[in-house]
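Subject: Structure handover and notes

Dear colleague,

Here is the structure for your set, with its sequence. My notes on what was found follow below it.

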Amino acid sequence: MAQAKTLSKAELKQLLDVTNSCSRYAARDATMLLFTHLCGLRVGEVAALRFDDILDANGNVRDEMTLDAARTKSKRARKIFLPKQMQRQLREYVNSLNKQPLHGYLFSTQKQAHFSANTATQHLQRLYARAGISGCLLYTSPSPRDRQKS
């Protein structure tokens, strides 16, 4: 099976620039995109994130989080390290919210429902298209381990 294309630094910058200038919910959308690129999360994993996953008891952004087995494709729990750039983005995103939604999920649609994996995939695909980036599959952003090899 052929390896799908992943984003270069220039393409990621282009994607974030277009998202930040054109998206009605720029902080949310940029945060979702960075989870896939910087942390190697699949879109379904991003959609399933909850505030408890990224915030400690004092409301501070964690430097690592654990995805339980029920939310991963492999059905194995895994620890995700949050790079400094991701932590900054999360602080910006959380601070941009008026209040946390009652459902507890980190990302909400404009109708205040949480994203399903399918809805999140369609939404992020539209962001890629708006930025003029094609050929990237959302679930193939390089994992931190893959980025170390290149």
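Q112 counts as exposed, because its relative accessibility is 51%, which is above the cut-off of over 50% that the term exposed requires. This residue is not a glycine, and yet its phi is positive, at about 65 degrees; its place is in the loop between α5 (84-96) and α6. Please keep in mind, when reading this and everything below, that the model is predicted.

K75 can be described in a similar way. Its phi is near 60 degrees, again a positive value in a residue other than glycine, and K75 is found in the loop between β1 (64-67) and β2 (78-81). With a relative accessibility of 56%, K75 also counts as exposed.

As for the overall layout, the chain has 7 helices and 2 strands, and read from the N terminus on, its elements follow the order α-α-α-α-β-β-α-α-α. The chain has 150 residues, of which 45% count as buried, and its accessible surface comes to about 8,900 Å², with 49% of that belonging to carbon and sulfur atoms. Among the contacts in the chain with a separation of 6 or more, 62% are accounted for by residues 24 or more positions apart.

Helix α6 (residues 117-130) takes part in two of the packings that I would like to describe, and the first is with helix α2 (residues 26-38), where the two helices pack at an angle of about 100 degrees and have their axes 11 Å apart. Since angles of 65 to 115 degrees count as roughly perpendicular, α2 and α6 are therefore described as roughly perpendicular to each other. On the α2 side the contact involves R28, D29, M32, L33 and T36, which meet A120, H123, L124, L127 and Y128 in α6. By character, the residues of this contact between α2 and α6 divide into 6 nonpolar, 2 polar and 2 charged.

The second packing is that of α6 with helix α1 (residues 9-22), whose axes come within 9 Å and cross at roughly 105 degrees, so that α1 and α6 are likewise roughly perpendicular to each other. Here the contact is made by L15, V18, T19 and C22 of α1 together with L127, Y128 and R130 of α6, and the residues of the contact of α1 with α6 divide into 5 nonpolar, 1 polar and 1 charged. Reading the two helix contacts side by side, you will find L127 and Y128 of α6 listed in the contact with α2 and also in the contact with α1.

Finally, a word on the aromatic residues: the structure holds 2 aromatic pairs. In one of them, F35 and F107 have ring centres 6.3 Å apart and ring planes at 80 degrees, so the pair is edge-to-face. This pair links distant parts of the chain, with F35 in helix α2 and F107 in the loop between α5 and α6, 72 residues apart. Both F35 and F107 are buried, and together with Y93 they form one aromatic cluster. The loop between α5 and α6 thus holds the buried F107 as well as the exposed Q112.

With best regards

Key
Residues are numbered from 1 along each chain as its sequence is written. This is a predicted model: local features need pLDDT of at least 70, side-chain atom pairs count only at pLDDT 80 or more; totals for chains, interfaces and linings use all residues. Side-chain values use heavy atoms; hydrogens and water are left out. Helices (H or I, at least four residues) and strands (E, at least two) are DSSP runs, numbered from the N terminus. Buried means under 20% relative accessible area, exposed over 50%, partly exposed in between (1.4 Å probe, protein chains only). Contact means heavy atoms within 4.5 Å. Accessible areas come from the Shrake-Rupley method with a 1.4 Å probe; for residues, only the protein chains shown count as cover. Axes are lines fitted to C-alpha atoms, for helices over the stretch in contact, and angles run from 0 to 180 degrees between N-to-C directions. Angles under 35 degrees count as roughly parallel, over 145 as roughly antiparallel, 65 to 115 as roughly perpendicular and the rest as oblique. Ala, Val, Leu, Ile, Met, Phe, Trp, Tyr, Cys and Pro count as nonpolar, Asp, Glu, Lys and Arg as charged, and the others, Gly among them, as polar. Rings of Phe, Tyr and Trp (its six-membered ring) pair if their centres lie within 6.5 Å; planes under 30 degrees apart count as stacked, over 60 as edge-to-face and the rest as tilted.
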